[in-house]
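Thanks for sending this one over. Have the viewer open while you read, and turn the structure as you go through my points.

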Amino acid sequence: MRRLAYPAAAAALLIAGAAAGWMAAAFLPRDAAAAAAAAVLMAASWAAGWAMRSMVRRGRCEEPDPRTDGARAEREDAGAKAPGDGWNAGFDARQPAARDAASGAAAPAERPHDAGPSAPGAAGIREDGEGRAPAGVEPMAAELRLAIEIQRRWQPPVDLRLDACRVTARSRQAAEIGGDLFDAVVLDDACVAVLIGDVPGKGLQAAFMVPALLLLFRSEVKRGGGPAELLGRMNRVLAGIGAESLAGGGIPLGIGLLDAKKGEMRYAGAGHPAPYLVMPGRAPRQIESSSLPLGVNMEEEYRDTVFRFAPGERFVLYTDGIIEDTGPDGDMYGFDRFEAELAAWPADMPAAEWMERLLDGQERRRASRRDDRTLLVVEYNAGKAGRVRELRGRSWRVPSAPGCERLIAAELASLLREEWADSGRTDDIVSCVAEAVMNAAEHGNGFDREKTVTVQVHFGQSIMVCRVRDEGAGFDPKAYRSARTAGSRHDDDADYGRGWGIRLIDELTDYWIATRDPNGFCVEMYFLSHDRRP
Amino acid sequence: MDSMLELSVVPFDSGLSITLKGDLDQQAEPKIRSILNWEEGLGDGRRYLILNLHEVNFINSAGMALLIRIARTGRKRDYHTFICGASAHYQKLFRMVGLTEYVMLYPDDYAAMQRIEALESGVTGAGQV
């Protein structure tokens, strides 16, 4: 019974944490709810980690078997575990980067055998000599998959373009569930807030810490203020709930607020590696931003650094996993190599390509990879000959009348055919936006012509973001999902079609979220391009 | 906003073929009802309804709900509904919302008519579409 109690406790904590997170997301930006959810998620992450570690210890200690112990020792000596081998084979939900990393030569080192206190979860679980999980571990597989899915949904890819600026991020995890986090939140036609951070530890703790921090960030960023002020507010919430002890350390984070029209960046860091400003052909310049990580000192004050981009300049954020990546001979990648890569970055190479090359290059070193590696780059292209790009985005504001979605659907289809023809997503996007606009006009604004529906779209190279905003109270996506899960279906003809708009959005988008702020309710939809050409 | 839908009806021996042109959305219902009150059946012993969507550019969830209501009514009023000419995208959406439980999808009028002729000549058991 006791053996079953650990996975049961971990599962209950995971589910409670996830429910709290989704509930708070539905009511963003109610700060109390966000902070409460952050607290619950963090507590859940710590407790789930504890339950998992306890379970693994029991799995090792309670059933000694000389045969399997011997086999285990042999496997550990060999240090080789084929990806997908044994009980862990079901973890196909891993992010592609993690799968790629795990399938490479560095895979054994990326799954540390010593499950230290900061590395619970999939990366830290030992197998017995026959490739089976220790007793009591298998029931955790479903919860781990849930944790991976939650983290994936909370951290969609970043590749967006705003005016003359472009924001791109790439991340590769060392374990199934990573501790790095990044985000980009478009605040209006000109401003975007970017975030990068590194939660101590990986596994289940990270799976819940990362959504909690993203939740807190997305909540706080909508309240306004510069990055230093944002970090201060987040720090007070995190220090107030004892995040340092829950997370196993302070949380390094960097926040930038970009005004794409002015080409101006305001940045503040909390114990995060100092970012670089890079101009092709020149030595990269580091932006100093020393301060304590979040959650350590309630009174910590952070400082904004403001600068204007020169045309062609790039702002590069990274996590310490990039610098500390260690080669087979113990040789750390280090700042010198990183700065050399930055200095050699050709003017005409897009950030996405440069980042992939750098990450691939690190992997070719067959490094002993123990940390996630994340890069986030802001490129400023205005005024540079031959590289001026028009805004790839558009907004509409229409009165709430029946059929108001038609005009937007027609113009959006035309825009997509012009701007994103290779994506293969035009029809999906038009259908989703039309449904969201129809819902906003009818259910959000009650077809009140005095109230408007606002639509904003932004294109990146591989991702498109669309926001549809109304002035109503909104709806609870959780209720929709639970109704759908329950398989509810209306047999009454009059009810046919009710809820189909959301169903189509759910099916056709790669990711969507509903948020609420003082100005109304917003459905935010993300679409990935199907075009796989480099 | 007025409906952006135009309709043309071509009766044949055992049914009706309706070609729709424009947008199929919540404003389409009164327009379709003006030429066919499907809740009364097709009339004159007709048993097949072909809806040609080849020239429909836009269909939203309300339009799909309307199609399902028309098709479901056919079960009570003894007519079968065939949809033809829908793009691959809308065929995908029809499957998502369950429209294909009530109608068969055909690439064009000709294919739908061939199927109807087969049904009429008894190649397939009555009632199977």
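Here are my notes, point by point.

1. A reminder before anything else: this is a predicted model. Keep that in mind for every point below.

2. Start with the sheet in chain B. It is an open sheet with five strands, and going across it you meet them in the order E1-E2-E3-E4-E5. The pairing is mixed. Which strands stand at the edges? Those are E1 (5–12) and E5 (104–106) of chain B; each has a single partner strand, so one side of each is left without a neighbour in the sheet. If you look along the sheet you can follow its twist, which averages 25° from one strand to the next.

3. Now zoom in on one edge. Strand E4 (residues 80–84) of chain B runs parallel to E5(B), and three bridges join the two. For a residue pair to click on, try Ile83(B), whose bridge partner in E5(B) is Leu105(B).

4. Next, the helices lying on those strands. Helix H1 (residues 28–35) of chain B lies across E1 and strand E2 (15–24) of chain B, and runs at about 30° to E1(B). Helix H4 (residues 109–120) of chain B lies across E2, strand E3 (48–59), E4 and E5 of chain B, at about 155° to E4(B).

5. How do the two chains touch? On the chain B side 19 residues are in contact, and they meet 19 residues of chain A. Helices H2 (61–77) and H3 (88–97) of chain B each supply at least two residues of chain B's side. The largest share of that side comes from H2(B), with seven residues. Sorted by type, chain B's side has 10 nonpolar, five polar and four charged residues.

6. Last stop, a helix pair in chain A. Two packed helices are described by the angle between their axes and the distance between the axes. Here, H13 (residues 404–419) and H14 (residues 426–444) of chain A pack at about 155°, with their axes 9 Å apart. Because angles over 145 degrees count as roughly antiparallel, H13(A) is roughly antiparallel to H14(A). Their crossing is right-handed.

7. Which residues make that contact? H13(A) brings, among others, Ile408(A), Leu412(A) and Leu416(A), while H14(A) brings residues including Ile429(A), Val433(A) and Val437(A). The contact of H13(A) with H14(A) divides into 13 nonpolar residues, one polar and two charged. Glu405(A) and Arg417(A) are also part of this contact, both from H13(A).

Technical notes
Residues are numbered from 1 along each chain as its sequence is written. Chains are lettered from A and ligands numbered from 1 in the order in which they are written. This is a predicted model: local features need pLDDT of at least 70, side-chain atom pairs count only at pLDDT 80 or more; totals for chains, interfaces and linings use all residues. Two strands pair if DSSP finds at least two bridges between them. Helices (H or I, at least four residues) and strands (E, at least two) are DSSP runs, numbered from the N terminus. Axes are lines fitted to C-alpha atoms, for helices over the stretch in contact, and angles run from 0 to 180 degrees between N-to-C directions. Two residues are in contact if their C-beta atoms, placed from the backbone, lie within 7 Å. Ala, Val, Leu, Ile, Met, Phe, Trp, Tyr, Cys and Pro count as nonpolar, Asp, Glu, Lys and Arg as charged, and the others, Gly among them, as polar. Angles under 35 degrees count as roughly parallel, over 145 as roughly antiparallel, 65 to 115 as roughly perpendicular and the rest as oblique. A crossing is left-handed if the near helix is turned anticlockwise from the far one by less than a right angle, and right-handed if clockwise.
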